Amino acid sequence: MAKKIRFPLEMADGAEVRNLDDLKEHFDLGSVLECYKNGKLLTWLQDRYLEEEAAAVSTLDETMPDFQKKLCEVFGVEYTGDTVDIEEIARRQERLERLRTFTDEAVFIEHIDQVAFDQEELADLLDEDEQEIYLCGDKFTVPASRKDVTYIGINSPNVHISGKIPEKNEELEISFRNIEVDNLPVVHIPETVVSTTHVTCKEYYSSEKITGELVDEILNSDGCISYSGIICETTDYLLYHASYYDFVKDQGKNGYVRFNKGTGEKHWLNVDLSRSNEICVDGNKMYFYREDHYRRNEYGYLGDIWVFDLELLRTPQKLFSMQCNRNNDQYSVFGDYIAFINDNTPYLYKASNKQIKRIPAPTPDRTQHYNYIYASQAGVYFTFEDYPTYSLYFYGYSDAKANILFETDEEICRMFHVENEQVIYFEYSRNCESGFGSIDFSSIPKGAHTDITTTYDVMLRNGSGEEIRSYYDCLLYVANGGIIKKVDYRTGEVTEVAPDAIEHNYDSGGLFRKGYSFYTPVSFKRIGDWIYYRMNGDINKYCRVSLSAPGEIEMIREYSDEERIELYKSLKDIPEIQLQ
C-alpha cells in the first residue's frame, strides 16, 4: 500500500511542524487559528492519530469568549491574553479562495496580503505604504504621485495613471509587470542600436586606443598579471579592476577604473560591482545578475537584474527580480528589451516603460521546462524541453505572438547568436555529451523535426562543452588539439587563430581507482582585437594574438618590481568620478 503523505503546519516563524513537540516549540496562535479555520489543524491531528487532541479540537466552539484560551490548553501552551481577530482570519481565507479562482501560483498566494481585488483595496495598500502591490481585477487607477511602487498584474489587468505624468518615462519612477497601461508617455527609441548577442558575451568594439601595451598595463594593474580583472568592454569604454598600496602612507585603493577608448582618459569609479555575475553589455550599459542565496523555491535561487550605465555614471539600478530554473544563462538583452525566464515561464521586460509581461507560450507541466532564452533585433528565441523532444520558439516584437520554429532530438543549451534571423549557433547536449553546432531554419517548415546543420570540433572539458565565446562579429572557441578557432557569422567560415590553448592534467586516482591523465581547453579573454590566454595552461606564459594577424603569438611580459611601482604611482594619479 502506498505511504500516505502527511503535510506539515506552517508557523509564523517559517517552521514546518510535523509533531506535537515541534508545534509547542513554534506555537503561534494566529497561525494555529488560521489552520483551525481552514480545517488543516483537525486533519493534521487525525493524520497522526492524535485522537485525544483531535477530539478536543472538534468540540471547541469559536463563539465562546474563552475559545482561544481553550485552544492553547489543548496543546499545553500558555495563553498570553493577546486576542487574535478571528473575523480577520476568516476574511483572509475568503481572499485566498477568491485568489485561487485566478491562479494557484505560489508567488501570488504567498503575497495575498498585498493583493488588491478592487480600487478600494488598492487605496488601502497605498495608505499602508506598500512598495509592491499585486493587482487582480479588470481595471485600476494608480496615482502618478506615488513613487517607487511596483504594480504586478495577476490576470493582466488594465491600468490608468492619474495625475501629472512626466514627459520622460524614466522620471515616472513607477514599475509595472504583466499589466497593460493605457496612458504611458510615448518613448522614442533610436532606430540604430548596438546590442550584445547573448548574456555570456563580452561585447567587442574596436578602438585604436586599445593597444597591446595598454592591455599589458591593465593586466598588471591588479597586483599580478591576470586578465580576470577585465570586467567588460562597451562601445566607448573598457572597465577593469585595479588596486595599489602605498606602504609609506599606509593607504591604498581597490576598485574599478573606466578607460575612455575615444580620448584615452582613465577615471576611478566609486561603484560597488560586487557579486556582478552573468554580465551582459548593450551599447554603454552593463547589465548583471545578482543571486540571493537566502531566497529560493523549487526552481532555484531568486536574484535581481541590475544595470550600470558607464556613460551617464549613475548608481547601478535594480530593474527586476527573476527566478532561474537551472542556471544563470536565462536572460538576454537587445536594445529596449530584456528577455528572461522566471519560474519556468518566459518574460519580456521593456526598459522604456518598465513593464514586464509574460510571453504567450505553452504552459509547462512538471516534466516540461523553458531552459534558455535569447533576444535579437526582431524578437525572442527560447527553448522548450518536453523530453525526449526539444523545441525552439520565436516571439516577435511586432506581432506579439509565439510560434514554434522546429523540433530536434538534441537539447539546445546556450544560444550564442542568430544571424539574419535564419541561422542559430548554440551549444547542445546529446546522450549526456555536449557539442557546439548551428541550424539553418530558413527553409524548415514551422514545427518540423530537424537535425543539426553544422557541428564544430569544440574541445570538451570532462564531458561538457567549454570555452565558447560569442561576439557581435564572430564566435571564438577552443577546438580539439587546443586550437582557438573563429567562426564568421556571415559566411560560416571557420579559421584557425592560435595554437597551444590546451592544458595537460593528471588525476592521481585513489585507493580503488587508477590514476589517469587528460587534456582540457585553456580559457581565453578577448579585449579589443586581441585574444589573451595562457599557453599550454602555464601561468608563466601569458600570450596574446591579434584577430587581424592569426598565428602571430606575442608573449606578455610580467612587470618587474620597479615597473610595478611606477604603475602604482600612475594609478594614484588617476582622478575619481563620483556617481550621480
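Here are four short exercises with worked solutions on the structure above.

The structure is a predicted model, so local features need pLDDT of at least 70, side-chain atom pairs count only at pLDDT 80 or more, and totals for chains, interfaces and linings use all residues. Residues are numbered from 1 along each chain as its sequence is written, and side-chain values use heavy atoms, with hydrogens and water left out.

**Exercise 1: two helices that cross**

Work out how helix 2 and helix 6 are placed relative to each other, and which residues make the contact.

Step 1. Find the helices: helix 2 covers residues 29-37 and helix 6 covers residues 86-100. Helices here are DSSP runs of H or I with at least four residues, strands are runs of E with at least two, and both are numbered from the N terminus.

Step 2. Look at the axes, which come within 10 Å and cross at roughly 60°. Axes are lines fitted to C-alpha atoms, for helices over the stretch in contact, and angles run from 0 to 180 degrees between N-to-C directions.

Step 3. Classify the angle. Under 35 degrees counts as roughly parallel, over 145 as roughly antiparallel, 65 to 115 as roughly perpendicular and the rest as oblique. Helix 2 and helix 6 are therefore oblique to each other.

Step 4. List the contact (heavy atoms within 4.5 Å). Helix 2 brings G30, L33, E34 and K37, while helix 6 brings I86, I89, A90, R92, Q93 and L96.

**Exercise 2: strand 23 and its neighbours**

Trace the pairing around strand 23 and say how well covered this strand is.

Step 1. Start with strand 22 (residues 369-375), which pairs with strand 23 in the antiparallel sense over five bridges. Two strands pair if DSSP finds at least two bridges between them. A375 sits opposite V380 of strand 23, and a hairpin of three residues links strand 22 to strand 23.

Step 2. Move on to strand 24 (residues 389-396), which runs antiparallel to strand 23 and is joined to it by eight bridges. Here G379 faces G396, and the hairpin has two residues.

Step 3. Check the cover: seven of the eight residues of strand 23 (residues 379-386) are buried. Buried means under 20% relative accessible area, exposed over 50%, and partly exposed in between (1.4 Å probe, protein chains only).

**Exercise 3: the whole sheet**

Give the strand order of the open sheet and find its edges.

Step 1. Add strand 25 (residues 402-408), which is antiparallel to strand 24 with six bridges; F394 has N403 as its bridge partner.

Step 2. Write the order of the five strands, 22-23-24-25-29, and note that the pairing is mixed.

Step 3. Pick out the edges. Strand 22 and strand 29 (448-449) each have a single partner strand, so one side of each is left without a neighbour in the sheet.

**Exercise 4: unusual backbone spots**

Locate a cis peptide bond and two residues with positive phi, then decide whether Y49 and L313 are buried or exposed.

Step 1. Recall the background: most residues other than glycine have a negative phi, and most peptide bonds are trans.

Step 2. The cis bond joins Y387 and P388, with omega about 10°. P388 is in the loop between strand 23 and strand 24.

Step 3. Y49 isn't a glycine, yet its phi is positive, about 55°. Y49 lies between helix 3 (40-47) and helix 4 (51-58), in the loop, and is exposed, with a relative accessible area of 62%.

Step 4. L313 has a positive phi near 55° and lies in the loop between strand 16 (300-309) and strand 17 (317-323). L313 is buried, with a relative accessible area of 7%.
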